[in-house]
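Subject: Handing over the structure

Hi,

Here is the structure I promised to pass on. Have a look at it first, and then read on for my notes.

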Amino acid sequence: MECIFCNIVNHNAEAEIIFEDDEIIAFLDIQPINYGHTLVVPKKHYDNFLTVPQEELSRVIKTVQYIAGAVKRSVKADGFNVISNNGESAGQTVYHFHFHIIPRFADDFTFKPRFKNYTDEGIKEYADKIRSVLSKYKDIYNG
Ligand SMILES: [Zn+2]
């Protein structure tokens with residue numbers, strides 16, 4: 001399948017590249033939420049956050065920290081979001097894993113989740129479900 005980010009990695013598609021090494025590339029989002037909105041992308045193709053090997057993910061997140069500081073200073077942002085959209089319902093549109101660094105300014109916009117009325121029992125029920133699944137994946141976790 002044709003992947004726009006793989007094309008950028010291979011320099012077969014245009015992008016405003018701001019950082020590149022052997023494993024990682026970072027470039028500006030072509031539909032920025034704010035100027036300076038940057039994507040940090042492992043050069044190898046992985047569909048999403050869950051399929052990136054841990055070692056590589058560690059390298060990517062260190063690079064995100066390095067670049068986020070530079071982005072924040074460059075655009076004189078008040079703050080920034082680091083976001084990874086995973087799956088269509090979460091707004092993922094390119095299925096080559098990446099982090100967004102989004103510069104933020106006082107009162108620029110707010111995320112508006114659809115809040116429901118959550119109960120303490122409901123929260124505990126989901127905590128139990130998550131703990132149960134976590135215990136099944138304990139062996140592959142290498143924190
Ligand atoms: Zn790709």
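Below is what turned up, starting with the pockets and ending with the strands. One thing to keep in mind throughout is that this is a predicted model.

**The largest pocket**

A good place to begin is the largest pocket, with a volume of about 440 Å³. Its lining is made up of 24 residues, and those nearest the centre are F5, D29, L39, T93 and H100. Three elements each give two or more residues to that lining: α1 (4–9), β2 (24–28) and β5 (99–104). Which of them gives the largest share? That would be α1, with three residues. As for the chemistry, 13 of the lining residues are nonpolar, eight are polar and three are charged.

**The second largest pocket**

Next comes the second largest pocket, at about 270 Å³. You can find it by picking out F49, L50, V52, Q54, E55, L57, S58 and N142, which line it. Sorted by class, that lining has four nonpolar residues, three polar ones and one charged one.

**Cysteines**

How many disulfides does the structure hold? The count is zero. For reference, a disulfide is a covalent bond between the sulfur atoms of two cysteines. Two cysteines are still worth a look for how covered they are. C3 has a relative accessibility of 10%, and because buried means under 20%, C3 counts as buried. C6 comes out at 21%, so C6 falls in the partly exposed class, which lies between 20% and 50%.

**β1 and β2**

Now for the strands. β1 covers residues 17–20 and runs antiparallel to β2, with three bridges joining the two. One pairing you can check by eye is E20, whose bridge partner in β2 is I25. The connection from β1 to β2 is a hairpin of three residues. Remember that β2 is also among the elements that line the largest pocket.

**β5 and its neighbours**

β5 is the strand I'd spend some time on. Is it mostly covered or mostly open? Mostly covered: six of its six residues are buried. This holds for both faces, with F99, I101 and P103 buried on one side, and H100, I102 and R104 buried on the other.

β5 has two strand partners to look at. β3 (residues 38–42) is joined to β5 by three bridges, and these strands run antiparallel. β4 (79–83) also pairs with β5 in the antiparallel sense, over five bridges. If you want a landmark, go to I101 in β5: T38 stands opposite I101, and V82 stands opposite I101 as well.

**H98 and the histidines around it**

Finally, take a look at H98, in the loop between β4 and β5. Is H98 buried or exposed? Its relative accessibility is 7%, which is under the 20% cut-off, so H98 counts as buried. A polar atom of the H98 side chain lies 2.8 Å from the backbone oxygen of H96. The H98 side chain also makes a polar contact with the side chain of H100, at 3.3 Å. That brings us back to where we started, as H100 is one of the residues nearest the centre of the largest pocket.

Happy browsing!

Technical notes. Residues numbered from 1 in each chain as written. Predicted model: local features only at pLDDT ≥ 70, side-chain atom pairs only at ≥ 80, totals over all residues. Heavy atoms only, no water. 1 Å grid on protein atoms, 1.4 Å probe; cavity = no way out; pocket = protein on both sides within 12 Å on 5 of 7 lines; lining within 4 Å. Points joined across faces, edges and corners; volume = space filled by probe spheres on them. Helix = DSSP H or I, 4+ residues; strand = E, 2+ residues; numbered from the N terminus. Nonpolar A, V, L, I, M, F, W, Y, C, P; charged D, E, K, R; others polar. Disulfide = S-S within 2.5 Å. Buried < 20%, exposed > 50% of the residue type's maximum accessible area, 1.4 Å probe, protein only. Pairing = 2+ DSSP bridges. Polar contact = N/O pair within 3.5 Å; in protein donor to acceptor, adjacent residues only side chain to side chain.
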